[in-house]
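Trainee: Could you take a close look at one part of this structure with me? I would like to see how its helices and their residues fit together.

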Amino acid sequence: MSDTELPVAEDTRLDEDDRLKPEFVSAVLDAVEEGDAEAARALVEPLHPADIADLFELTPEERRKDLAAAIADLVDADVFAEMNDYVREDLIDALDARQVADIASELDTDDAVAIIEDMEPEDQREVLRAMEPDDRAAIEEALSYPEESAGRLMQRDLVAVPEHWTVGDVLDYLRGHDELTTDFWEIFVVDPGHRPIGTCALSWILRTPRGIPIGDVMKREQTLIPVDMDQEEVALRFQKYALISAAVTDASGRLVGMITVDDVVHIIQEEAGEDTLRLAGAGDGDINEPIAVTVRTRVAWLVVNLGATILSASVVGLFQGEIARFALLAALMPIVSALGGNAGTQTLAVMVRAIATNQLTSSNTVRMLFREFRVAICNGIALGAVGAIGSYVLLGNGGLSIVFALAMMINSVVAGLVGVVVPVALDKANVDPAVSSAVFVTTATDVMGFLSFLGLATLWGLGG
């Protein structure tokens, strides 16, 4: 068996996790640097388009264009479709409008839109002018819909048939029209106004006699996706109803496209990672993101956190006399604040996920609030008991141990309540809770942790 015929599992270019080996990447880049394009092509040619895309992502930014030039005929539409957004934009900038148009024309509409939508307006117009009229019209229509909506995500190429056709008519239609899309799992049945009234799986059609009307074997219950629906809501519907594909309809209910599960898998991955990174204030968190963009995003949130820290420090300043007279307060107060912050972050993560997956609705918000309140009380009692025993064993001060325990209980309850109320309130205000909640929660637990501990210590007379 030749090297190019090796299956991926046996390919020495990949490790056990199907990732390109460092020595293989180095070999390709060395061949490019030495000007041996033929050797570079021989190494890369057996790779799957997704692995070629990975190769570009593993290549330093300053060497990607040289690699693209060396293996230009291997960098086709399928490779661009699999490529990281930032890497793809970098390579697209090096191509002329005709080359981009040729690549986009070979892709499904949703993948072509993903390439074109981030280009500068003038570059977009040049690419669209270089495309065939039908392809241009489809992409222009997609670009007219909001970003991250079903209209941007959907494919225009689908199979739709009228209800009065028989199974034989459908089979003849599929076999007699080479221009039909080849990637589909079900056929949409439409009325005379091109409104979807049902779906029919290919397996049903293949197993049904030719003379049976398609309306007799189709499934009338279907999940329709409005063209302006947010892609996150689209993903939730696919997950909830275990969909393989779904019809997309415009405002008048006409069938305008379909969304398939392979597109939704990418959305679920993107949205999950996006929420996690936003909670940390890390922006997109993409290692291929330009440094300037990364710095700008992170610095903004670090400045916000600095302001919150200054607010917490001002609370400590109110009790500087007590701290000076009883230095052990300074040793324990960060513990109260830190544990409160951790408890708040736990609750916040649960709530953001519940909101993102539609588990939290107006009908169960109050129940969730009381649930987290009970959890916070139980956590506070447990932490307070352990903290009181531990601090007494180490420091031998009964009053300080009691104050320490009470402060942790209070801050734990505050953390639980704030962790629920803040993301819910932000969501009601149409503000992404994954972006803004963390600052409010950590500020509240820091301020309340210092205030409760130092305030109780003052009332107890520990600083006297």
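Mentor: Let's begin with Ala434, which is buried, with a relative accessible area of 0%; the model is a predicted one. Ala434 sits in helix H22, which covers residues 433-460. Look across from there to Ile355: the two residues are 79 apart along the chain, and their C-alpha atoms are separated by 9.6 Å.

Now find helix H19, residues 328-356, and helix H21, residues 398-428. These two helices pack with their axes 8 Å apart, at an angle of about 30°. Angles under 35 degrees count as roughly parallel, and H19 and H21 are therefore roughly parallel to each other. Their crossing is right-handed.

Stay with H21 for a moment, since Ser401 belongs to this helix. Is Ser401 buried or exposed? Ser401 is buried, with a relative accessible area of 5%. Its side chain has polar partners: a polar contact of 2.9 Å joins it to the side chain of Ser391, and a polar atom of the Ser401 side chain lies 3.0 Å from the backbone oxygen of Asn397. If you set aside neighbours within four places in sequence, Ser401 is in contact with Ala388, Ser391 and Tyr392. Ser391 thus appears both in that contact list and as the side-chain polar partner.

For another helix pair, turn to helix H1 (residues 22-33) and helix H2 (residues 37-44). Their axes come within 7 Å and cross at roughly 155°. Angles over 145 degrees count as roughly antiparallel, and H1 and H2 are therefore roughly antiparallel to each other. H1 passes H2 in a left-handed crossing. On the H1 side, the contact is made by Phe24, Ala27, Val28, Ala31 and Val32; H2 contributes Ala39, Ala40, Leu43 and Val44.

Finally, helix H7 (residues 97-105) shows how buried residues can be arranged around an axis. Which residues of H7 are buried? They are Ala97, Val100, Ala101, Ile103 and Ala104. These residues cover an arc of only 165° around the axis, which puts them on the same side of H7. What covers them includes helix H5 (77-82), helix H6 (85-92), helix H8 (109-116) and helix H9 (121-129). At the N-terminal end of H7, Asp96 acts as a cap: one of its side-chain oxygens lies 3.2 Å from the backbone nitrogen of Arg98.

Key:
Residues numbered from 1 in each chain as written. Predicted model: local features only at pLDDT ≥ 70, side-chain atom pairs only at ≥ 80, totals over all residues. Heavy atoms only, no water. Buried < 20%, exposed > 50% of the residue type's maximum accessible area, 1.4 Å probe, protein only. Helix = DSSP H or I, 4+ residues; strand = E, 2+ residues; numbered from the N terminus. Arc of directions from axis to C-beta. Contact = heavy atoms within 4.5 Å. Polar contact = N/O pair within 3.5 Å; in protein donor to acceptor, adjacent residues only side chain to side chain. Axes fitted to C-alpha atoms, helices over the stretch in contact; angles between N-to-C directions. Parallel < 35°, antiparallel > 145°, perpendicular 65-115°, else oblique. Left-handed = near helix turned anticlockwise from the far one by under 90°.
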